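Me: I'm new to this one. Could you walk me through it, one question at a time?

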Amino acid sequence: MKKVLVVFATAGLLAACGGGEKKDNAAAEEKEEVKKAPEDPAYTEGMALVLGSDCTTCHKIEEPFTGPAYKDVAAKYENTPENIALLSSRVIKGSKGIWGEAQMTPHASLSPEDAAKMVKAILMLKK
Ligand code: HEC
């Protein structure tokens, strides 16, 4: 009986590992889907929100300013739903210490949906 349990436990572990891999593949496929050229309407919409907010007082697309260049942000993070959620919450709550000592001010009035659209557009800058 004990042996059976061990076998089951091992099988469970293996299944857990396999599941992890599958998830990576799904994320990669999803990435291909979100990662369209900047002519993508999602890019145009997200960037319009960025330009309409205060983001440009600290960020430029090509070079670091008070905050990191959006191109560098795109190079650092894969365009996955998880990263979009993570970065959107940092934009809303503010952030410090990831890129340096400069602080990104919180954007508490920004809706999570708009923040996600902005971040999505930024991550589309990945070459
Ligand atoms: C007051 C200056 C300032 C403003 C305004 C600002 N940022 Fe930032 N941003 C920063 C700084 C500084 C960092 C790096 C923070 C860190 O090191 O944790 C940053 C980091 C980021 C990051 C990367 C976060 C990470 O986890 O790597 C994203 C994405 C971002 N900003 C998007 C935006 C968007 C979108 C807006 C407009 C809604 C915006 N920022 C407005 C200064 C600013």
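Reply: Sure, and let's start with a term: a residue is called buried under 20% relative accessible area, exposed over 50%, and partly exposed in between, using a 1.4 Å probe and protein chains only. What you see is a predicted model, where local features need pLDDT of at least 70, side-chain atom pairs count only at pLDDT 80 or more, and totals for chains, interfaces and linings use all residues. Residues are numbered from 1 along each chain as its sequence is written, and side-chain values use heavy atoms, with hydrogens and water left out.

Me: Is Ser-88 buried or exposed, and what is its relative accessible area?
Reply: Ser-88 is found in helix 4. Setting aside residues up to four places away in sequence, it touches Ala-115, Ala-116 and Val-119, where contact means heavy atoms within 4.5 Å. The C-alpha atoms of Ser-88 and Ala-115 are separated by 5.1 Å, though the two are 27 residues apart along the chain. Ser-88 counts as buried because its relative accessible area is 5%.

Me: In what order do the elements of the chain run?
Reply: Helices (H or I, at least four residues) and strands (E, at least two) are DSSP runs, numbered from the N terminus. The chain has 5 helices and 2 strands. From the N terminus on, the order is α-α-α-α-β-β-α.

Me: Which residues coordinate the iron atom of the ligand?
Reply: Donors here are N, O and S atoms within 2.8 Å of the metal (3.2 Å for Na, K and Ca); water is not among the atoms, so sites may look incomplete. Two residues coordinate the iron at 2.0 to 2.2 Å, through an NE2 atom and an SD atom. They are His-59 and Met-104.

Me: Where do those two sit, and how many residues apart in sequence are the parts they tie together?
Reply: His-59 lies in the loop between helix 2 (41–52) and helix 3 (70–76), while Met-104 belongs to strand 2 (residues 103–104). His-59 counts as buried because its relative accessibility is 13%, whereas Met-104 is partly exposed, at 25%. The pair therefore ties together parts whose separation in sequence is 45 residues.

Me: What is the arrangement of donor atoms around the iron atom?
Reply: Six donors count as octahedral if opposite donors are over 155 degrees apart and all others between 65 and 115; four count as square planar by the same angles, or as tetrahedral if all angles lie between 85 and 135 degrees, and anything else is irregular. Here the 6 donor atoms subtend angles of 85 to 178 degrees. That makes the arrangement octahedral.

Me: What does Met-104 contact, leaving aside its neighbours within four places in sequence?
Reply: Take Val-91: it is 13 residues from Met-104 in sequence, and their C-alpha atoms are 7.4 Å apart. With those sequence neighbours left aside, the contacts of Met-104 are His-59, Arg-90, Val-91, Gly-94 and Ser-95.

Me: Why do the buried residues of helix 4 end up on the same side, and what arc do they cover?
Reply: The buried residues of helix 4 are Asn-83, Ile-84, Leu-87, Ser-88, Val-91 and Ile-92. They pack against helix 3, strand 2 and helix 5 (112–123). The arc is that of the directions from the helix axis to the C-beta atoms. The buried residues sit on the same side of helix 4 because they cover an arc of only 165 degrees.

Me: How wide is the arc for helix 2?
Reply: In helix 2, the buried residues are Tyr-43, Gly-46, Met-47 and Val-50. They pack against helix 3 and helix 5, while the face turned away from them carries the exposed Pro-41 and Gly-52. Seen down the axis of helix 2, its buried residues line one face, because they fall within an arc of 95 degrees.

Me: Which element gives the most residues to the largest nonpolar core?
Reply: A nonpolar core is a set of buried Ala, Val, Leu, Ile, Met, Phe, Trp, Tyr and Cys residues joined through side-chain atoms within 4.5 Å. The largest one has 21 residues, of which Met-47, Tyr-70 and Leu-123 touch the most other members. Helix 2, helix 3, helix 4 and helix 5 are the elements that give two or more residues to this core. With 6 residues, the element giving the most is helix 5.
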